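Reader: I am new to this structure and would like a close look at a single part of it, the aromatic rings and the places where they sit. Please take me through that part slowly, and then show me how it fits with the rest.

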Amino acid sequence: MKPTKTLTPAIVCFSHPLTWGAIILLLLNDQVWKYIYPSWWTGKLSDFAGLFFLPFIVATLLGLVLLPVPISNKKVGQIAFGLVAIWFTLMKTTPVFNQATEVVWSWLVGYSVRIVQDPTDLLALMALLPAWRLWQNQLTQPTTTKKAPALHWLRFVVLTIGVFASLASSCDDPPRIDKIIFSEGAFYVRPGYSQGYYARLVPGEKVWEEFIPSVSTAVAEQFT
């Protein structure tokens with residue numbers, strides 16, 4: 001199977017205006033909006049934008065790895081989207097997988113990265129639906145080999161920007177503490193960016209218990 005035939009759908013998807021928009025949205029949100037307006041919305045926005053084009057990155061890598069294997073572009077896309085969905089779900093719901101992702105991401109970008117484990121972020125998986133539709137549309141388009149070399153290089157440049165944007169998005173952002181109290185024999189913290197979740201530390205323990213969805217009425221009244 002020729003490299004161009006294997007990689008064309010993913011590279012063409014990267015040149016689509018929707019992909020350009022998702023990359024720009026991700027960069028603006030992570031580098032500007034999260035700092036001037038930290039909120040539940042800015043946290044989710046990055047996940048939606050990143051999940052739109054991340055399958056195209058995975059499909060491109062799979063296309064390179066699986067060049068010697070006679071596998072269809074449709075199957076490559078199915079594997080890529082499936083891997084992204086499974087990885088994102090585990091990263092947002094499983095502490096061990098979340099920590100492993102942080103280690104790998106930190107190694108790739110060269111500095112410490114913190115990825116918030118928040119099951120509500122799974123809402124962003126909806127972004128895979130329009131991305132899959134775009135991928136499917138490319139598979140039904142006739143393959144053309146007369147594209148200008150400059151256009152192919154432009155698509156590779158977009159791919160590089162997409163990879164950089166997805167890696168740089170999870171910056172080492174210290175948690176914003178809204179308030180800390182001592183009640184019912186334990187310390188409680190409410191992060192300002194995570195509405196409805198708390199962290200708890202019992203004296204004598206060494207590790208905070210994070211993402212507690214609810215607290216007692218007495219503790220909630222003190223936070224209020």
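Author: A search of the whole structure, which is a predicted model, finds six aromatic pairs. A pair of aromatic rings is described by the distance of the centres and the angle of the planes. For Phe 56 and Phe 81 the ring centres are 6.4 Å apart and the planes stand at 70°, so this pair is edge-to-face. The two residues come from distant parts of the chain, since Phe 56 belongs to helix α3 (residues 40-65) and Phe 81 to helix α4, with their positions 25 residues apart in the sense that they are 25 residues apart. As for their surroundings, Phe 56 has a relative accessibility of 0% and therefore counts as buried, and Phe 81, with a relative accessible area of 8%, is buried too.

Another pair is formed by Trp 87 and Trp 105, whose ring centres are 6.1 Å apart and whose planes meet at 20°, so that the pair is stacked. This pair also links distant parts of the chain, with Trp 87 in helix α4 and Trp 105 in helix α5 (residues 95-109), 18 residues apart. Here the two partners fall into separate classes of exposure: Trp 87, at 21% relative accessibility, counts as partly exposed, whereas Trp 105, at 16%, counts as buried, because the limit for buried is under 20%. Ring pairs also join residues into a cluster, and its members are Phe 52, Phe 56, Phe 81 and Trp 132.

Helix α4 carries Phe 81 as well as Trp 87, and it deserves a description of its own. Helix α4 covers residues 73-93, which is 21 residues, and from its first C-alpha to its last it reaches 30 Å, close to the 30 Å expected at 1.5 Å a residue. Its buried residues are Asn 73, Val 76, Gly 77, Ala 80, Phe 81, Val 84, Phe 88, Met 91 and Lys 92. These residues cover an arc of only 125° around the axis, and so they lie on the same side of α4.

Trp 132 of the ring cluster has a number that falls within helix α6 (residues 128-140), and this helix can be described in a similar way. Helix α6 has 13 residues, which at 1.5 Å a residue should span 18 Å, and its end C-alpha atoms are 19 Å apart, which agrees. Buried in α6 are Leu 128, Ala 131, Leu 134, Trp 135 and Gln 138. They take up an arc of only 125° around the axis, which puts them on the same side of α6. On the other side of α6, Leu 129, Arg 133 and Thr 140 are exposed.

Helix α3, the home of Phe 56, also holds Ser 46. At 7% relative accessibility, Ser 46 counts as buried, and its side chain is joined to that of Asn 29 by a polar contact of 2.6 Å. Apart from neighbours within four places in sequence, Ser 46 is in contact with Leu 26, Asn 29, Asp 30 and Lys 34.

Two further buried residues lie in other elements. Phe 14 is part of helix α1 (residues 3-14) and, at 0% relative accessibility, counts as buried; its C-alpha atom is separated by 8.7 Å from that of Ile 57, although the two are 43 residues apart along the chain. Ala 199 has its place in strand β3 (residues 198-201) and counts as buried at 11% relative accessibility. When its neighbours within four places in sequence are left aside, Ala 199 is in contact with Phe 187, Tyr 188, Val 189, Trp 208, Glu 209, Glu 210 and Ile 212. Between Ala 199 and Val 215, which are 16 residues apart in sequence, the distance from C-alpha to C-alpha is 9.9 Å.

All of this belongs to a protein with eight helices and four strands, whose elements run α-α-α-α-α-α-α-β-β-β-β-α from the N terminus on. Of its 224 residues, 39% are buried. Among contacts with a separation of 6 or more, 64% are between residues 24 or more positions apart. The protein exposes about 12700 Å², and carbon and sulfur atoms supply 68% of that area.

Key:
Residues are numbered from 1 along each chain as its sequence is written. This is a predicted model: local features need pLDDT of at least 70, side-chain atom pairs count only at pLDDT 80 or more; totals for chains, interfaces and linings use all residues. Side-chain values use heavy atoms; hydrogens and water are left out. The expected span of a helix is 1.5 Å times one less than its number of residues. Buried means under 20% relative accessible area, exposed over 50%, partly exposed in between (1.4 Å probe, protein chains only). The arc is that of the directions from the helix axis to the C-beta atoms. Rings of Phe, Tyr and Trp (its six-membered ring) pair if their centres lie within 6.5 Å; planes under 30 degrees apart count as stacked, over 60 as edge-to-face and the rest as tilted. Contact means heavy atoms within 4.5 Å. Accessible areas come from the Shrake-Rupley method with a 1.4 Å probe; for residues, only the protein chains shown count as cover. A polar contact is a pair of N or O atoms within 3.5 Å; within protein, one must be able to donate a hydrogen and the other to accept it, and residues adjacent in sequence count only if both atoms are side-chain atoms.
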